[in-house]
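The report below is meant to be read alongside the sequence and the coordinates. It moves from the whole chain to strands, helices, aromatic pairs and a few single residues.

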Amino acid sequence: MLRAALLMLLIAALPARAEDIVAALSQDRVSISTSFDGSEILIFGAIKRDKPQPIGTEMAIVVTVQGPREDVTVRRKDRRFGIWVNVEAVEVTGAPSFYAVASSIPLRNALSPVSDARWRVTTPTALRGPTMMASVARSNPEAIEAMIRVRSASGAYVTAENSVELRDDTLFSTTIALPSDLTEGDYRTRIFLTRDGEVVDSYSTSIFVQKVGLERLIYTLAHERPLIYGLLSLAIAIAAGWGASAIFRWVRI
């Protein structure tokens, strides 16, 4: 009831247009602690209309969540002298650390190739943005395909067709699962309303992910105080080894 009331207030506050997306998130901040094992973000909203919707068109809702970009080294293995070894490495810059796409209908029906290329919605087009990745995709497309395959298997890249629930062509909702090994930063969230494969309206917001508590302390030490981090790691390793040895001697006695 509260979500419905909030949506109605947001709809009333919007300027009149043919069709507008009104959306919200269950949370816009995610805190990573030592017990963090992933999170689920509920994305929900409604379509505001100032006149009846077009008849005879196919409507769809597409949601994307993109994590901070990072540089990735993609290595190719080959069999040499009876063993598998790395024979080639490709540096891919600006790869999203996380990318999820959810849609109310199959993506091939929700987006035309032209709209997909313009808005960079599906995973392959999102990776071929105006960065160094574009040149890598042209010169070594196998590296991009391999990276997508590996990250899809690990859950970092997700495509969930037919996972957006659309009720009465007005209310929509979906859940995006965030893995436990999140990268800190802003996770850009976009929502698209399409008809016959063309984007009618879009909405953008973000989810901020940050380490807290002991995770924040360890991360800060490792990246800003590497000497202190190394000494503490060595001290902990020595203490753990001595403690294990003492327990073992006590058990034997």
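## Overall picture

Of the 253 residues of this protein, 39% count as buried, and it should be kept in mind throughout that the model is a predicted one. The secondary structure comes to 8 helices and 12 strands. Among contacts between residues at least 6 apart in sequence, 69% join residues that are at least 24 apart. The accessible surface of the protein comes to about 14900 Å², and 59% of that surface belongs to carbon and sulfur atoms.

## Strand β3 and its partners

Strand β3 covers residues 39-49, and because 9 of its 11 residues are buried, the strand is largely enclosed by the rest of the structure. Strand β1 (residues 19-25) is joined to β3 by 7 bridges, and the two run antiparallel; within this pairing, Asp20 stands opposite Lys48 of β3. Strand β10 (residues 171-178) is also antiparallel to β3, with 8 bridges joining the two, and here Ser39 has Leu178 of β10 as its bridge partner.

## Helix α6 and the contacts of Thr123

Helix α6 runs over residues 141-154, and at 1.5 Å a residue its 14 residues should span 20 Å, which agrees with the 20 Å that separates its end C-alpha atoms. Its buried residues are Ala143, Ile144, Ala146, Met147, Ile148 and Arg151. When reading such a list, it helps to recall that an α-helix has 3.6 residues a turn, so residues three or four places apart point the same way. After α6 comes Gly155, which has a positive phi near 90 degrees.

One of the buried residues of α6, Ile148, is also in contact with Thr123. Thr123 lies in helix α4 and counts as buried, because its relative accessibility is 6%. Leaving aside neighbours within four places in sequence, the contacts of Thr123 are Ile148 together with Tyr99, Val101, Tyr157 and Thr159.

## Aromatic pairs

How many aromatic pairs does a search of the whole structure find? The search finds 2. In one of them, Phe98 and Tyr187 form a tilted pair, with 6.3 Å centre to centre and 50 degrees between the planes. Phe98 lies in the loop between β6 (83-96) and β7 (99-103) while Tyr187 lies in strand β11, so this pair ties together parts that are 89 residues apart in sequence. Phe98 counts as buried at 2% relative accessibility, and Tyr187 counts as buried at 1%.

Trp119 and Phe192 also pair: their ring centres are 5.5 Å apart and their planes stand at 70 degrees, so the pair is edge-to-face. Because Trp119 lies in helix α3 and Phe192 in strand β11, the pair ties together parts that are 73 residues apart in sequence. Trp119 is partly exposed, with a relative accessible area of 26%, whereas Phe192 counts as buried at 1% relative accessibility.

## Thr205 in strand β12

Thr205 is found in strand β12, which covers residues 198-211, and at 27% relative accessibility Thr205 counts as partly exposed. Which residues does Thr205 contact, leaving aside its neighbours within four places in sequence? They are Leu25, Tyr187, Arg188 and Thr189; of these, Tyr187 has already appeared as the partner of Phe98 in the tilted aromatic pair. The C-alpha atom of Thr205 is also separated by 8.7 Å from that of Ala24, although the two residues are 181 residues apart along the chain.

## Positive phi outside glycine

Most residues other than glycine have a negative phi. Two residues that are not glycine and have a positive phi, Arg120 and Asp196, are set out below.

| Residue | Phi | Location | Relative accessibility |
|---|---|---|---|
| Arg120 | near 55 degrees | loop between α3 (113-119) and α4 (123-127) | 30%, partly exposed |
| Asp196 | about 55 degrees | loop between β11 (185-195) and β12 | 46%, partly exposed |

Arg120 thus sits in the loop that leads from α3 to α4, and Thr123 lies in α4. Asp196, in turn, is found in the loop between β11 and β12, and Thr205 is found in β12.

Definitions and conventions: Residues numbered from 1 in each chain as written. Predicted model: local features only at pLDDT ≥ 70, side-chain atom pairs only at ≥ 80, totals over all residues. Heavy atoms only, no water. Helix = DSSP H or I, 4+ residues; strand = E, 2+ residues; numbered from the N terminus. Buried < 20%, exposed > 50% of the residue type's maximum accessible area, 1.4 Å probe, protein only. Contact = heavy atoms within 4.5 Å. Expected span 1.5 Å × (residues − 1). Pairing = 2+ DSSP bridges. Areas by Shrake-Rupley, 256 points an atom, 1.4 Å probe, with all protein chains shown as cover. Phe/Tyr/Trp six-rings, centres within 6.5 Å; stacked < 30°, edge-to-face > 60°.
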